[in-house]
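Welcome to a short set of exercises on reading a protein model. Take a look at the structure below, then try each task before reading its solution.

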Amino acid sequence: MPIRLIMTGVVLAVAAAAWPAWAWADFTARVVTVHEGDRFTIYHDGRKEMIYLKDIDCPELKQPFGKQARRVAAAYVGNRDVVIRALKQDRQGRKIAEVLLVDGRNIAHELLNEGLAWSRPQSSDGQGLKDMEDLARAAHKGLWADPNPVPPWKWNAAKNAGRKFSN
């Protein structure tokens, strides 16, 4: 009897230690709502979760190109199955992940290429995303058609301080 209890304890301990790895593995989910270009609600395993795209920031809905970023993101992923990769929580407690289309394309990369997002300065992909942003900027695509686009983190800071930008 004691051996059985010890073995059960060992199995439970191993399962508990491995649980975080299982929880954060790649999985397929359905995008049920596109709130903004970089924020979606997904449905997986009988529950809904809000996720943010990793390493990019799209304009807020009230900013120039914000609604366009949402429309383009919805055209790519709205009511479709996607692969959620590298899901984790950021410092603000938000769930962030890479979202891949079924053909393997990364939705964040697509938004950068179309000029509808900024690469985050602290992105894990570093120079690759910055290069995509620079190409869209050089081609004056999307928000880069504006001579002075305001990144959402600056726009939010100004909005919270009571100031508004002219664009």
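A pocket here is an open set of grid points with protein on both sides within 12 Å along at least five of seven lines, and its lining residues have an atom within 4 Å of a point. Keep in mind that this is a predicted model.

**Exercise 1. Get an overview of the chain.**
Task: Find how many helices and strands the protein chain has, and in which pattern they follow each other.

Solution:
- Step 1. Counting gives five helices and seven strands.
- Step 2. Along the sequence, they are arranged as α-β-β-β-β-α-β-β-α-β-α-α.
- Step 3. Of the 167 residues in the chain, 38% are buried.

**Exercise 2. Describe the largest pocket.**
Task: Work out which residues lie nearest the centre of the largest pocket, and which classes of residue line this pocket.

Solution:
- Step 1. Start with the volume, which is about 580 Å³ for the largest pocket.
- Step 2. The lining has 22 residues, and nearest the centre lie D90, Q92, R94, R120 and Q122.
- Step 3. Sorted by class, the lining holds 11 charged, six nonpolar and five polar residues.
- Step 4. Elements that each give at least two residues to this lining include strand 3 (47-53), strand 4 (56-57) and helix 5 (152-160).

**Exercise 3. Find the two faces of a helix.**
Task: Decide which residues of helix 2 are buried, and where they sit around the axis.

Solution:
- Step 1. Helix 2 covers residues 66-77, and its 12 residues reach 17 Å from the first C-alpha to the last, close to the expected 16 Å.
- Step 2. Its buried residues, those under 20% relative accessible area, are G66, A69, V72, A73, Y76 and V77.
- Step 3. They lie on the same side of helix 2, because they cover an arc of only 130° around the axis.
- Step 4. A general rule helps here: an α-helix has 3.6 residues a turn, so residues three or four places apart point the same way.
- Step 5. On the face turned away from the buried side, you will find the exposed residues R71 and A75.
- Step 6. The buried residues pack against strand 1 (27-36), strand 2 (39-44), strand 5 (81-89) and helix 3 (107-113).

**Exercise 4. Place one residue.**
Task: Is K48 buried or exposed?

Solution:
- Step 1. Locate K48 in strand 3.
- Step 2. Exposed means over 50% relative accessible area. K48 has 59%, so K48 is exposed.
- Step 3. Beyond its neighbours within four places in sequence, K48 is in contact with V32, T41, I42 and Y43.

Technical notes:
Residues are numbered from 1 along each chain as its sequence is written. This is a predicted model: local features need pLDDT of at least 70, side-chain atom pairs count only at pLDDT 80 or more; totals for chains, interfaces and linings use all residues. Side-chain values use heavy atoms; hydrogens and water are left out. On a 1 Å grid over the protein atoms alone, a cavity is a set of points where a 1.4 Å probe fits but cannot get out, and a pocket is an open set with protein on both sides within 12 Å along at least five of seven lines; lining residues have an atom within 4 Å of a point. Grid points are joined across faces, edges and corners, and a volume is the space filled by probe spheres set on the points. Helices (H or I, at least four residues) and strands (E, at least two) are DSSP runs, numbered from the N terminus. Ala, Val, Leu, Ile, Met, Phe, Trp, Tyr, Cys and Pro count as nonpolar, Asp, Glu, Lys and Arg as charged, and the others, Gly among them, as polar. The expected span of a helix is 1.5 Å times one less than its number of residues. Buried means under 20% relative accessible area, exposed over 50%, partly exposed in between (1.4 Å probe, protein chains only). The arc is that of the directions from the helix axis to the C-beta atoms. Contact means heavy atoms within 4.5 Å.
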